[in-house]
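Welcome! Here is a friendly walk through a structure that may be new to you. Please take a moment to look it over before reading on.

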Amino acid sequence: MSLVVKPKLPVAIRVAVTAVLAVIFLYVIPFVVPSYLVSQFATVLAFAIAIVGINLVTGFGGAITLGHAAFVALGAYTTAILVVRYGWNPYATIPVSAALSWIAGWCLGFPALRLQGLYLALGTLVLSITVPPILKRFDGFTGGVQGLNVGNPEAPAFLPLDDSQWIYFVCLVIAAALYVVARRILSGPLRRALIAARDNQLVGAVMGVDRATLTTATFAMSSLYAGVAGSLYAMIVGFVSPDTFNVMMSLSLFVGAVVGGITSLNGAIIGAMFIQFVPIWASDIDVSLGGLVFGGALIITLVVIPAGIGGLGERVFLWLCTRLGWVEGAGPVRAEAEAMGSAQNEPA
Amino acid sequence: MSLFSIKGMHAGYGARNVLHGIDLDVEERQIQVVLGANGAGKTTLLRAISGTIAREGTILFDGARIDRLSARKIVAAGVAHVPQGRGTFADLTVDENIRLGAYLRTGAEARQDRERWLTFFPRLRERLSQQAGSLSGGEQQMLAITRALMLRPRLLLLDEPSLGLAPIITQGLFKTLAAIREETGMTMLIVEQSANLALDVADSGVVLESGEIVLRDSAQNLAGNDEVRRIYLGYE
């Protein structure tokens, strides 16, 4: 497909899609599905936030990170320590987690710049191997192996919600806000600059893109997303322990990002559902099946749909829009451009 | 005084020095061509000027030293570089590629500039919403040049714009470059192997050999120089 179409849906369709999404997220998930699943969906939203962070740094920044769980841990422990040791209101810890993980992202992003490709993947992998032992070592502060009991925040009395419904809505609001922020970052000049720095460093540089600053900022932003996800995770589960935030979590977040679509923000929620539910379902059938399904799904995604489920969905969506004529500047302009497209393929 | 002048510049990659003391002046509104065989250091020269490799020596642009500036600041000062092999981004549309050139500026200015440059490259206007990867080689070169023009340069560095293009396309491209110079007074430094076509539109030229400038003259004299004719223009 050489022509890039901009979808332009009729108002009725747009209203209908919004309504369906609203019903699913605002009614079906919190009120129809069984209560124990509601908090799992809250976890899905937290993972989706972390995966959007991976989309930013890996999908658009072009740097493979396998250390995302370290920043999730930073966020989760910031919340846990402030709540348990200092009696903070849990919601007030979210901005602190965000700020701390952003700063940590800047500090670690700078040396990480010197590493490229495989070396960066290994460097960040080491980061996520290091975090659990460090958390155990400073047990006076972090609770060590025992972890910390954060407790689930209670729903305000004036709302007819139970605790898991409440935390689900908290996660939904924050996830929606961060999704919009990521969308803004990835539209316009920054998107072009990121792609330039990712695909051709020389051209990026001579276009005035300062790759060092841009990559570090992307890394910091992605850490911020992971930190907020960690904060929410601590509140959903009500408990943090070092071994939750191990290499496996980093890897599964990365798998979620790939399955959902590494450059697809919409796919983040699909990837998050995948890493939350598929291992549970698979191990219901057979305990050893979890890992197998996980690995299998990753391989199938990479071979069959490298753009991920979200990427595939977006492509199908665009194709549908084109077929139905729901595109900007539809009609003669497009036909003309297509005719030229076929005429100019001979070598110059 | 020249718009642009280099004195005693050394540059290279890591420990390997490629340029050994380059002195070069480019007058305002001139098109100067750099000829040389493969490995003479032509690309290195342009990369040293645009600040994308380490270099030593004095580079003066519009009276100010730019040899210590980062690539970003050199771009902002008004030196644009069209790298060899074009480097257009295949996944972005033609329009997005062009807009990338306006990364350091605001949207309104970018739209105006885009309209202006598209009058020189009308073929691109027809293809604005196409993916850049679907363009022909000549169109991609036009795109790379347009993108660099979006930086509002006063000095345009072109690294082998003829690479991989048919002579007729190259000729058209050089004519367009000459027209842009006529209309805007832009100064250009063009590295070329298609010496005869480049010398047609250039005012002056230098010959680079093993990292040193061995010959400098007007374009007319160079085109008539026996040595140059034999080595670079293919006359026996």
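The report below goes through the two chains, then a sheet, a few loops and a nonpolar core.

## The two chains

Please keep in mind that this is a predicted model. Chain A is made up of 15 helices and two strands, while chain B has ten helices and ten strands. The table sets some overall values side by side.

| Chain | Residues and buried share | Contacts from residues 24 or more positions apart, among those with a separation of 6 or more |
|---|---|---|
| Chain A | 348 residues, 44% buried | 78% |
| Chain B | 236 residues, 51% buried | 69% |

How does the radius of gyration of each chain fit that of a compact globule? For chain A, a compact globule of 348 residues would have a value near 20 Å, and the chain has 22 Å, which agrees. For chain B, the expected value for 236 residues is near 18 Å, and the chain's 17 Å agrees too. Taken along the principal axes, the C-alpha atoms of chain A fill a box of roughly 70 × 50 × 40 Å. The C-alpha trace of chain B spans about 45 × 40 × 35 Å along its own principal axes.

## The sheet of chain B

Chain B holds an open sheet of six strands, with the order 6-7-8-3-9-10 and mixed pairing. Which strands stand at the edges? They are strand 6 (79-82) and strand 10 (212-218) of chain B; each has a single partner strand, so one side of each is left without a neighbour in the sheet. On average, neighbouring strands of this sheet are turned by 15° against each other, direction ignored.

As general background, strands of a sheet pair through backbone hydrogen bonds, either parallel or antiparallel. Both senses can be followed here. Strand 7 (residues 155-159) and strand 8 (residues 187-192) of chain B pair in the parallel sense over five bridges. Within this pair, B:Leu156 has B:Met188 of strand 8 as its bridge partner. Strand 3 and strand 9 of chain B also run parallel and are joined by five bridges, and B:Leu35 stands opposite B:Val207 of strand 9.

Strand 9 and strand 10 of chain B, in turn, run antiparallel, with six bridges joining them. Here B:Ser204 has B:Ser218 in strand 10 as its bridge partner. These two strands form a hairpin with two residues between the strands, and B:Ser210 in this hairpin takes a positive phi near 50°.

Helices accompany the sheet as well. Helix 6 (residues 137-149) of chain B lies across strand 6 and strand 7 of chain B, and runs at about 165° to strand 6.

## Two loop residues with positive phi

Most residues other than glycine have a negative phi. Two loop residues of chain B are worth finding with this in mind. B:Arg86 has a positive phi near 70° and sits in the loop between strand 6 and helix 3 (94-100) of chain B. Is B:Arg86 buried or exposed? B:Arg86 counts as buried because it has 24 C-beta neighbours inside 10 Å, where 20 or more are needed.

B:Glu160 is not a glycine either, and its phi is positive at about 45°. This residue belongs to the loop between strand 7 and helix 7 (167-184) of chain B. With 22 C-beta neighbours inside 10 Å, B:Glu160 counts as buried.

## The nonpolar core

In soluble globular proteins, nonpolar side chains tend to be buried together. In this model, the largest nonpolar core has 169 residues, and those with the most contacts inside it include A:Ala46, A:Ile49 and A:Val72. Which helix gives the most to this core? Helix 2 (residues 35-60) of chain A does, with 16 residues.

Leaving aside residues up to four places away in sequence, A:Ile49 touches A:Ala175, A:Leu178, A:Tyr225, A:Val228 and A:Ala229.

Helix 2 of chain A also contains A:Gly53, which is buried, with 32 other C-beta atoms within 10 Å. With the same residues left aside, those up to four places away in sequence, A:Gly53 touches A:His68, A:Ser222, A:Tyr225 and A:Ala226. The C-alpha atoms of A:Gly53 and A:Gly208 are separated by 25 Å, and the two residues are 155 residues apart along the chain.

Definitions and conventions. Residues numbered from 1 in each chain as written. Chains lettered and ligands numbered in written order. Predicted model: local features only at pLDDT ≥ 70, side-chain atom pairs only at ≥ 80, totals over all residues. Pairing = 2+ DSSP bridges. Helix = DSSP H or I, 4+ residues; strand = E, 2+ residues; numbered from the N terminus. Axes fitted to C-alpha atoms, helices over the stretch in contact; angles between N-to-C directions. Contact = placed C-beta atoms within 7 Å. Buried ≥ 20, exposed ≤ 12 C-beta atoms within 10 Å, placed from the backbone. Rg over C-alpha atoms; globule rule 2.2 N^0.38 Å. Core = buried A, V, L, I, M, F, W, Y, C linked by C-beta atoms within 7 Å.
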